[in-house]
Amino acid sequence: TIPQTLDTYFTILYNFQQDGKKPLRLGDGPTLKEKPTNQVVVEGDDLKLTVTVDPNGQPAPIIRFYRGTRELKDDSRVTVNVNGLSSTLGIKRTRQTDEAKYTVNVESDGAITDTATFSVFIKDPKDSALDYRALLKHREQKKTKEEEVEEDWGALKPETGTLTVDKKGRRLSQIEVMKMSLKKVDAGSDSEEEKPKSSSRRQSVEIETPVKKVSADKLEAMEQQQRRSSMQTRRASLAEVIPDWPTLQTRKIIKEEPDKFNVEMEDIKALEGTPSVTFIAQFCKPDAKVKWFKNKLEIFHGHKYHFEANHDDYQLTVNVVKLEDGGKYSCQINEATVSAWLYVEAKEPEYYFTQKLPETYKVHRKKNGLLECFVSDPRARVKWMRGDEVLEYTPGKYEIQRRENRCFMRIVDAQTEDEDTYSCECGGAKTVANVHVVEPEWEFMKKLEDVEAVEREKATMECDVSDPEADVTWLREGKELKAGGKYEFVKEGLKRRLIVKNCSIKDDGKYICRLLDQETKAELYVSPDVKFMKKLTDKNCKEKETVTLEVKATNPHKHPFKWLRNGEPINVDSPKYEVNQKGEIYKLTVKDVDLSDSAEYTIQIGDRPNRCNVNVQPLPRPPKIDASKVKDIFVKKGDLIEVNVPFDGAPIPRALWSKDGKHIDEGNLDTLTEPKNTRLRIPAAQRSDTGVYELTLSNEAGEDKVPVKIMVMDAPGHPEGPLEVVDIFANRCALLWDKPKDDGGAPITHYIVEKMDISDGDWQKVCETDDLEVDVSDLEPGHRYQFRVSAVNSEGVSEPLPSAGSILAKDPWDPTSPPGEPIVIDYDKDYAEIEWDPPKHENGAPVSGYTVEFREKGENEKDWKKGVDIGPENKATVKGLKENKEYEFRVIANNKAGPSEPSECSEPVLCKSRKVKPRIDQRTVPQSIRIKVGQKFTLGPISFIGEPTPQVSWVVKNLGPKG
């Protein structure tokens, strides 16, 4: 189906381009059964449009909806539902913005096989009187009329640049020129150039010459003057000349169907170098005169272009496609033109390396490496790779350059980590080089020599190397030195120097200069500027005595000196201390010493120290413990127990510990006794460490004691068992247990009760309780359960106490054993009375009743029917039986646990009347018998009935009974 309007054609063509230039095969494949019509929807209502496709023997196609050029997809308002060969477009809550032109395309095998366009109009809900259907119909009729008659009213203004004269050569006035312009009307032409020449006798010849424009007022005045002057010479009008002029009709114009192409050309994509491509167009007329154009320039048949016409198919073949062949190709027949594009894709040129990278390239560390290769074409684009990583120009590391065909990359300051596989790629060509960084061949030209220095002066160690780029490492006593602060490294040509600033005694030692795997060593000797001729010595004294410390030292640089006690400067202004210095003798006097004066004393001259210890012995006094500072100790299991007991006494007393009245060996304790305090440490406290401890301090002057209560808190021990499970029923039971022996040092707050269904193995919490018993409910009858109980205090949860094995959730009774076999003790034609023995075992619950069942003899096990339910008595009557039928019976006992197994089946019994008057069937009695004398004769058989079975006797009339 070919679009009938130019608007539809352009819509289809645009959609065709937007869909990735899908080819058009209209009519060749699935088609729409019925074209959709324009839709009118009240604003706010939902729109629903369904189209159906005829597959024409091909697979189900793809149906797409477009709004303008955009394909419609499912969103919050738009839905497109495809169901087999139909598709439904839905738009919820329509808006004014939904009013537009819509297109539906049918696609098969990547081509558009049918298409249709329709409009959607949104009606204002307030304007209910406007009939949009009539409006649409009016628009369509008006459009059809405009297509049938396209009137051309000509140019309503005089054309500038023309001069009009009549046949006699007389120049017309401006009024006549304007009238001529208004009368130039041709109903069948589109432009002034296409109008046919008139056969009027007033035909004029147009000569291009400028015409002066006239104003409207002046033109009106000139018209009136011309009208007055020509009134007498005026020609008669057609209405005056032709009597029937008002009744004449306008001549109908028969519009000839324009020429058109039935099948248009399609765009073609081709690769440069393709042997040929062919454009095909189908025209409505066969063997017409055709012209071909490329980019609006006419082309002709030849070696490059080949024209061919086959009936109504017109073909253009372009041979050996090149880049310059790309463009717009048009086919023109008569006044109809069709066009298509040829897109030529450039063929990727083939590049290769005329000189490749070396397979292996070695570069010395710290030197620059150069990788170089040549490509076949200077236009080729190349990229450098390190492994799988693309390298970019990096100043100071990877410097990539290009000079025509030459490509090279410089690796600056190569290091060991630069070792890798490098490659250069150009299109499909690739060249690879394995770069190895090797150590340079450096060596020492002059080695280090020993150096002597004095404290606070500078020391320099020097050696020579073979390469100005050689790097060395400085070490002292095996540890690498870092530049800055105390050390300065100098690299000057081949010279390598280590400068040690402000030397001290600590800088004394062996120094190493390392070059690759080579080393040179030397010693640095630092002489002190302060020397102690006589050093401090340790002192022992008693309280209240005076101690003098003396030292002799040289101090040529007059360094300041100071005395320190335990590393802290001594307040020499205190009356307790006296400091003297005379020549090389330095003295410190400590007056009226006490125990606190026991310490390490130091004299520091400049940076040189000298030390000694002063030990003050106390005067004897018995130990006295400060009990107010001894508190009870509470700790958690695993924590550190630390007991500090302050006391006063001299000499330092001996500390002895006991627990709960039992002495503790000192070898098993971590204790420390100082002049004013004794300490007991117990790491990783356990519950067994809980108790009352007693400390005894004793010396030569006496002793003192103090108790210390230590409580180690932990989770409690498990509840005492066994965990008893009692009162077991089908859905509940009860648990009993005892308190834990060890409450963990904190009161038991509650117990956690858990149960586990053996079938799934998961523990489930039942409840929390502070009692020693609990009722457990919600058990599944017939399931096996196990239980456990855990104790809880403030420190945690104890280990659980499990029950001994599992229990079965069931009531403490079972169905009884089967009753005894029933016996029929009476019967009639419609009932039977039976009795039986009760079950031998009631299994925990008495019989609450019986159920009697019956069946006809010979029936299956499933044919048992319920006869009667009775109480605990063991006799029952089953009614409703049928006469002359044999029946069997069985009994089921019931108790709290349910029905028992059925009893054995009774013997069959025939239901019939028990008391029936005897009656002889007269039809079986012979009427008379005739025989000869001496002959035997037989009577019967005679049929009779009666219940119970009647006695039979024969009587010969007048003879009496006879056997």
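**Exercise 1. Is F944 buried, partly exposed or exposed, and what is its relative accessibility?**

Before solving, a word on the model. Residues are numbered from 1 along each chain as its sequence is written, and side-chain values use heavy atoms, with hydrogens and water left out. This is a predicted model, where local features need pLDDT of at least 70 and side-chain atom pairs count only at pLDDT 80 or more, while totals for chains, interfaces and linings use all residues.

*Solution.*
- Step 1: Recall the classes: buried means under 20% relative accessible area, exposed over 50%, and partly exposed in between (1.4 Å probe, protein chains only).
- Step 2: F944 has 40% relative accessibility, so F944 counts as partly exposed.
- Step 3: Find F944 in strand 75, residues 944-947 (strands are DSSP runs of E, at least two residues, numbered from the N terminus).
- Step 4: Look around F944: together with I920, I929, I931, F937, L939, V952 and W954, F944 makes a nonpolar surface patch of about 780 Å². Such patches are made of residues with over 30% relative accessible area and no salt bridge, with nonpolar side chains (Val, Leu, Ile, Met, Phe, Trp, Tyr) joined within 5 Å.

**Exercise 2. Work out the strand order of the open sheet that contains strand 48.**

*Solution.*
- Step 1: The 4 strands follow the order 48-50-54-53, with antiparallel pairing (two strands pair if DSSP finds at least two bridges between them).
- Step 2: Strand 48 (621-625) and strand 53 (670-673) are the edges, each pairing on one side only.
- Step 3: Strand 48 is joined to strand 50 (residues 641-650) by 3 bridges, and K624 stands opposite D648 in strand 50.

**Exercise 3. Trace three salt bridges and say which parts of the chain they link.**

*Solution.*
- Step 1: Use the cut-off: a side-chain nitrogen of Lys or Arg within 4 Å of a carboxyl oxygen of Asp or Glu. The structure holds 50 salt bridges.
- Step 2: Take D418 and K397, whose closest N and O atoms are 2.5 Å apart. The two residues sit in separate loops, 21 residues apart. D418 is buried at 4%, whereas K397 is partly exposed at 21%.
- Step 3: Next, R497 and E462 meet at 2.4 Å, N to O. R497 is in strand 36 and E462 in strand 32, 35 residues apart.
- Step 4: Finally, E795 pairs with K636 at 4.0 Å. E795 lies in the loop between strand 62 and strand 63 and K636 in strand 49, so this pair ties together parts that are 159 residues apart in sequence. E795 is partly exposed at 23%, and K636 is partly exposed at 46%.

Notes: Patch = residues over 30% accessible without salt bridge, like charges linked within 9 Å, V, L, I, M, F, W, Y side chains within 5 Å. Areas by Shrake-Rupley, 256 points an atom, 1.4 Å probe, with all protein chains shown as cover.
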